Amino acid sequence: MKASVIISVYNHFEWLRLILDALRMQTFKDFEVVIADDGSSQETVEALHEYIARHPELKIIHSWHPDEGWRKNKALNQAVRVSTGEYLIFIDGDCIPHPCFVEDHMRICRHGIVTGGRRVETSEEVSQWLESLETLPKNYFDKARSLMLKGVFRNKLGETCAQLRRTWRFPYIGGKALGIKPQGILGANFGLYREDFEKVNGFDERYVHAGTGEDCDIDVRLANAGIRHVKASHYALMLHRHHDRLNWDWQENAELLKKATDDRLTYIETGLNRKES
């Protein structure tokens, strides 16, 4: 089986290079990487291509389109079209996967099910440490956990302990991962078979703002199509870069999501196989 790891990005190569370093360390090797680039600058593109040239051991496809504002869903659909994997794993460009990340997704993947892992919210100190690295060390996840532990009493105790708990990966026992339960997907960390993605025609490109609905719209339509959702609490882990939360409440997004929910939409025309007018 072959997987496609699809990374949505817009500039911030200092973080993308760490993600690619982590993907080079994966325990599961039969996958390709597709960069879903929403119009990054020429500087970022050049830096990425230099990285690709230095690391031929990792198959990387760079899918770029011109910067037209926020068009993440369009970039993701375009990346899927150039991908070759039977199984699709989506991550955001500010999340560094655990060394067993792809292996975990491939262990729990099932037809008719969309699976999600957990995202560890790092502190500002941990994010700054990661970005200061020239290359990612092999023990990066353990090191990040240690730094988070040292900062327990400098940060909000309850929140920090909750994130620390997420850093531990439970083993795969008895044919299943511990902590799996029905739950909606996280746009930054989910996987599904290509055929299930195609059943709903991928992401809805009418979403042209980040915020309400842009990544949970596909969650709703998959559920309407009978594709079950599960999330593993201590499996398929990733470190999320610290940044201020953006609270963009776009009315256009809210209306699209409400229609998808109320009308029990599944397949939308403005998606993966969109017909250009």
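Which residues of strand 4 are buried on one side, and which on the other? In this predicted model, Tyr87, Ile89 and Ile91 are buried on one side of the strand, while Leu88, Phe90 and Asp92 are buried on the other. Let's look at that strand's neighbours, then at helix 1 and a small group of strands.

**Strand 4 and its partners**
- All six residues of strand 4 (residues 87-92) are buried, so the rest of the structure largely encloses this strand.
- In a regular strand, side chains alternate between the two faces of the sheet.
- Strand 1 (residues 3-9) runs parallel to strand 4, and the two pair over six bridges; Ser4 has Leu88 as its bridge partner.
- Strand 11 (residues 189-193) pairs with strand 4 in the antiparallel sense over five bridges, and here Phe90 is matched with Phe190 as its bridge partner.

**Helix 1**
- Helix 1 (residues 13-24) has 12 residues, which should span 16 Å at 1.5 Å a residue, and its end C-alpha atoms are indeed 16 Å apart.
- This helix is mostly covered, with 10 of its 12 residues buried; among them are Phe13, Trp15, Arg17 and Asp21.

**The three-strand sheet**
- Three strands line up in the order 5-13-7 to make an open sheet with mixed pairing.
- Strand 5 (95-97) and strand 7 (119-121) are the edges, each pairing on one side only.
- From one strand to the next, the twist averages 25°.
- Strand 7 and strand 13 (residues 238-240) pair in the parallel sense over three bridges, with Glu121 opposite His240.

**Helices across that sheet**
- Helix 1 lies across strand 5 and strand 13, at about 10° to strand 5.
- Helix 6 (residues 140-150) lies across strand 5, strand 7 and strand 13, at about 50° to strand 13.

Conventions
Residues numbered from 1 in each chain as written. Predicted model: local features only at pLDDT ≥ 70, side-chain atom pairs only at ≥ 80, totals over all residues. Heavy atoms only, no water. Buried < 20%, exposed > 50% of the residue type's maximum accessible area, 1.4 Å probe, protein only. Helix = DSSP H or I, 4+ residues; strand = E, 2+ residues; numbered from the N terminus. Pairing = 2+ DSSP bridges. Expected span 1.5 Å × (residues − 1). Axes fitted to C-alpha atoms, helices over the stretch in contact; angles between N-to-C directions. Contact = heavy atoms within 4.5 Å.
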